[in-house]
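The following paragraphs lead through one structure, with attention to a helix and to contacts that involve aromatic rings. Please keep the sequence and the coordinates in view while reading.

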Amino acid sequence: MILPNQLTILRIILSPVFLILFLSDDQLLIQLSLIVFIIAALSDWYDGWLARKFNYITEWGKFMDPLADKILTSSAFVGFVLVGLIEWWMVIIILFRDFAITFLRMFADKKGIVFTTSYYAKWKTLLQMIFLYYLLVIYTGSKTNELSTQFSSLFQILLDQWLIYLAMLLITIITVHTGIIYIINNYRAIKGLFVR
């Protein structure tokens, strides 16, 4: 198995590892969860770079790589729900949209149909990742005894429930909107998937 595909498998394996560490009561394990998430995210960038540079592109990789990305981000979203930082209903909407579009694209690839992805959708993904990293870093810091004691008032501001709710609501709205735009822009291609 080529290296990019091995990195994709690594990312899938690291997703539950991250979640287990993140949900731990041990501050060291929570800190490790941030490192695990960063390693997994870097593996995504690296396997994409390898695939493009050395033309390591396989049908398996085209199918599994976007799925591995969604599994990783999903594990973070679910983790934040379980520790009470964000709402279930928003996460369910985001995951439904992201997995539905991902599976639709993979199905289209199998049929040889190319979908167009807008820069707006790419910005949506970037916005999601910035938000996830923000929560990960701040939450991890708040669970570190030395930092939480020294910067308790700062963490209270940065982890303000109303602030997080509004940010997550905005991301949810943008995610849904990009999904609608995606379907509108690719309507004929999507129709062709099921007519053939």
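Does tyrosine 165 count as buried, partly exposed or exposed, and what is its relative accessibility? In this predicted model, tyrosine 165 has a relative accessibility of 27% and therefore counts as partly exposed, since the buried class ends at 20% and the exposed class begins over 50%. Tryptophan 162, by contrast, is exposed, its relative accessible area being 57%.

These two residues also belong together as a pair of rings. A pair of aromatic rings is described by the distance of the centres and the angle of the planes. For tryptophan 162 and tyrosine 165 the centres are 5.9 Å apart and the planes differ by 5°, so that the pair is stacked. Both residues lie in helix H8, which covers residues 161-185, and because they are 3 residues apart there, about one helical turn separates them. In total, the count of aromatic pairs comes to 8.

Helix H1, which runs over residues 3-22, holds 20 residues and reaches 27 Å from its first C-alpha to its last, close to the expected 28 Å. At leucine 14 the helix H1 bends by about 25°, and proline 16 follows within four residues. Leucine 14 is itself among the buried residues of H1, which also include Pro4, Arg11, Phe18 and Phe22. Phe18 and Phe22 are in turn members of one aromatic cluster, together with Phe37, Phe80, Tyr133 and Tyr139.

A contact of another kind involves the ring of tyrosine 119, over which the charged end of lysine 122 sits, 5.2 Å from the ring centre.

Key. Residues numbered from 1 in each chain as written. Predicted model: local features only at pLDDT ≥ 70, side-chain atom pairs only at ≥ 80, totals over all residues. Heavy atoms only, no water. Helix = DSSP H or I, 4+ residues; strand = E, 2+ residues; numbered from the N terminus. Expected span 1.5 Å × (residues − 1). Bend = angle between axes of the 7 residues up to and from the residue. Buried < 20%, exposed > 50% of the residue type's maximum accessible area, 1.4 Å probe, protein only. Phe/Tyr/Trp six-rings, centres within 6.5 Å; stacked < 30°, edge-to-face > 60°. Lys NZ or Arg CZ within 6 Å of the ring centre and 35° of its normal.
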